[in-house]
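Visitor: I am new to this structure and would be grateful for a short guided account of it.

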Amino acid sequence: IKYIIFLSALLIIFLTYQFADTSKKIESFDEDFFVGKYEKSKNILRIENATFVGKDKQKQPYTLTAKLAIKESSKENLFMLYSLKADITMKKSNWLILKTKKATFNTDTKILFSNNNVEAFYDDGTSFTSPSMNYNFNNGILNSEEGVVMLGKWGRMKAGRFSYNPIKDILTFSDD
């Protein structure tokens with residue numbers, strides 16, 4: 001019953017932030033704080049098998065599932081997600097799945113960021129890996145500034161930067 005009440009409260013908070021349209025910079029957690037200390041702190045919210053459900057501005061649904069979500073009380077909108085799987089519906093019922101060991105999700109700005117190895121899979125069989133990624137649920141833009149290796153219908157591509165805009169259906173690679 002505690003988990004149901006807690007998850008319901010979390011869902012209400014998440015939906016409240018979903019309708020807010022303020023933009024703030026991506027913040028990150030102090031990694032040293034979370035190395036074993038969060039279990040002793042009363043200022044930390046820990047959710048096992050966490051699920052975040054929402055819709056982007058184009059009314060496309062997404063689901064973020066993590067084995068563990070941690071939120072420090074002083075960081076109102078930030079959740080550190082461990083063993084993340086993001087299932088994102090795109091236009092024309094296409095989908096994208098992102099997987100990473102650790103990511104930060106800002107429920108206010110709806111930005112998912114990871115500086116760990118990220119794997120992505122599109123419904124057309126295309127996949128890519130990148131050392132980091134930034135996904136903005138408001139505009140659907142996925143990008144990486146640290147390189148990408150993509151395998152798909154065009155063959156194997158490798159670039160220093162990568163960006164995908166699903167609204168305009170534009171895929172950009174660069175090496176500068």
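The questions below concern the core, a pocket and some single residues.

Guide: This is a predicted model, in which local features need pLDDT of at least 70 and side-chain atom pairs count only at pLDDT 80 or more, while totals for chains, interfaces and linings use all residues. Residues are numbered from 1 along each chain as its sequence is written, and side-chain values use heavy atoms, with hydrogens and water left out.

Visitor: Which strand gives the most residues to the largest nonpolar core?

Guide: A nonpolar core is a set of buried Ala, Val, Leu, Ile, Met, Phe, Trp, Tyr and Cys residues joined through side-chain atoms within 4.5 Å; buried means under 20% relative accessible area, exposed over 50%, and partly exposed in between, with a 1.4 Å probe and protein chains only. The largest such core has 32 residues, and L64, L81, L98 and L112 touch the most other members. Strands (DSSP runs of E, at least two residues, numbered from the N terminus) that each supply at least two residues of this core include strand 1 (44-55) and strand 3 (78-89). With five residues, the one that gives the most is strand 3.

Visitor: Is N136 buried or exposed?

Guide: N136 belongs to strand 8 (residues 133-136). Neighbours within four places in sequence aside, N136 is in contact (heavy atoms within 4.5 Å) with T109, K110, I111 and I141. Because its relative accessible area is 18%, N136 counts as buried.

Visitor: Which residue's backbone nitrogen does the side chain of N136 reach?

Guide: The separation is 2.8 Å. The backbone nitrogen reached by the side chain of N136 is that of N138.

Visitor: K110 and N49 both have a positive phi; which label, buried or exposed, does K110 receive?

Guide: Neither residue is a glycine, with phi about 55° in N49 and near 60° in K110. N49 lies in strand 1 and is exposed because its relative accessibility is 58%. K110 lies in the loop between strand 4 and strand 5 (111-114). Since its relative accessibility is 4%, K110 is buried.

Visitor: How many residues in the lining of the largest pocket are charged?

Guide: The largest pocket is lined by 16 residues, with N94, Y122, D124, Y164 and D169 nearest its centre. Asp, Glu, Lys and Arg count as charged, Ala, Val, Leu, Ile, Met, Phe, Trp, Tyr, Cys and Pro as nonpolar, and the others, Gly among them, as polar. The lining holds eight nonpolar and two polar residues, and the number of charged residues is six.

Key. Helix = DSSP H or I, 4+ residues; strand = E, 2+ residues; numbered from the N terminus. Polar contact = N/O pair within 3.5 Å; in protein donor to acceptor, adjacent residues only side chain to side chain. 1 Å grid on protein atoms, 1.4 Å probe; cavity = no way out; pocket = protein on both sides within 12 Å on 5 of 7 lines; lining within 4 Å.
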